[in-house]
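Hi,

Here is the model I promised to pass on. Have a look at it first, and then read my notes underneath.

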Amino acid sequence: DPQQLELATSSKRKLRRFIVIDEVVDELYGSKVRGYFEENNVQHKILALPTTEETKSMDLVLNILQEVQNFSIDRRTEPIIAIGGGVCLDIVGLAASLYRRRTPYIRVPTTLLSYVDASVGAKNGVNFLQCKNKLGGYTPPVASFLDRSFIQSIPRRHISNGLGEILKMALMKHKGLFDLLKRHGKYLLDTKFQSYSGSADHGDAALQTTRIAIETMLEELAPNLWEDDLDRLVDFGHLISPELEMRVLPSLMHGEAVNIDMAFMTYVAYTRGLITAEEKEQIIQCMRGLELPVWHGGCSWPLIKRALMERLKHSGGQPRMPLPTGLGVAEIFNDTSEETLERAYKLWVRD
């Protein structure tokens, strides 16, 4: 906003910023962040916190708000800044939405998963009563700042974890993205999504895959930002995974749990005759190439039934099951029988 910018730069009052940063990110980049604010003569408070699925709670939100209150911010011109992975962005988003009813905030994702997923859209939230994201709201950030250089310091498994959400968008909406992942998956893991000149065989695969993933996610989310319509292709991989992820914490990361869900649903689509055996095999091989798990012992038949019952409760009494109907195309189904699901499960476990 030009007026706000003018107000901020012409004001005699010193610029002030409150920053919440994940404690691991703080160890790696904290000195650079502090140096940046000092160099720009910005009065700042940096709060480094452990932001994991286990700490993703209202208690942590209230800790942040206590510190915000102590620092005292102008809720119109001094956005709270969140620097970290998806959990950090979710927690800070909820804290900002509660403080003075709505305080602006900025997302700075530092993992591949948060870069393509949590940085996009309006949702924020915390876990409650062992249920994933049970408390939350819809408050979009004023900005998301995307910088892939953060990704170079995260472990390979975390890169693979982010590739799970990218693959979700590829399977639902974009065959070109699926082909990119098949062709360049190992290279993207090896280079940690950094762009290098001289890698002619791969073009700028990192820029292409992240851009397409974010654009397809925006296409899906923007017309339905508040989830008034519960038929959502972006829910692919999110029917069973919330139950599985919370049940086996911390052994599975979010993108890994999502991929296990997608692998099972690929078998459901095959059992229903929506995709061919060859397409099923291509999808599973692509998952393996991205070093994602395609099965987990914790994903039992009783857990699947329980998760789908929970789904019915929260989606207007319909399963609203997104399934691939080819590579890069999908539809939402409400008529998958329990017999079909069980046949798919047995085939999945056998393979």
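Below is what I found, going from the ground rules to one helix and then to the salt bridges.

This is a predicted model, with local features needing pLDDT of at least 70 and side-chain atom pairs counting only at pLDDT 80 or more, while totals for chains, interfaces and linings use all residues. Residues are numbered from 1 along each chain as its sequence is written, and side-chain values use heavy atoms, leaving out hydrogens and water.

Start with helix α13, residues 338-350 (helices are DSSP runs of H or I, at least four residues, and strands are runs of E, at least two, numbered from the N terminus). Its 13 residues should span 18 Å at 1.5 Å a residue, and the end C-alpha atoms are indeed 18 Å apart (the expected span is 1.5 Å times one less than the number of residues). T340, L341, A344, Y345, L347 and W348 are buried in α13 (buried is under 20% relative accessible area, exposed over 50%, partly exposed in between, with a 1.4 Å probe and protein chains only). Looking down the axis of α13, the buried residues fall within an arc of 165°, so they line one face of the helix (the arc is taken from the directions from the helix axis to the C-beta atoms). Turned away from that side are the exposed residues E339, K346 and R350. The cover over the buried residues of α13 includes α10 (254-271), α12 (301-314) and β8 (321-324), where contact means heavy atoms within 4.5 Å.

Now the salt bridges: the count is 28 (a side-chain nitrogen of Lys or Arg within 4 Å of a carboxyl oxygen of Asp or Glu). R350, from the exposed face of α13, pairs with D351 at 2.9 Å, N to O. R350 has a relative accessible area of 63% and is exposed, whereas D351 is partly exposed at 43%.

E245 and K132 form another salt bridge, at 3.4 Å, N to O. This one links distant parts of the chain, with E245 in helix α9 (residues 241-248) and K132 in strand β6 (residues 131-138), 113 residues apart. E245 counts as buried at 1% relative accessibility, and K132 counts as buried at 17%.

In α12, K313 and E310 are 3 residues apart, which puts about one helical turn between them, and their side chains meet in a salt bridge at 3.2 Å, N to O. Finally, K123, E227, R232, D235 and R311 are linked in a network of salt bridges.

Cheers
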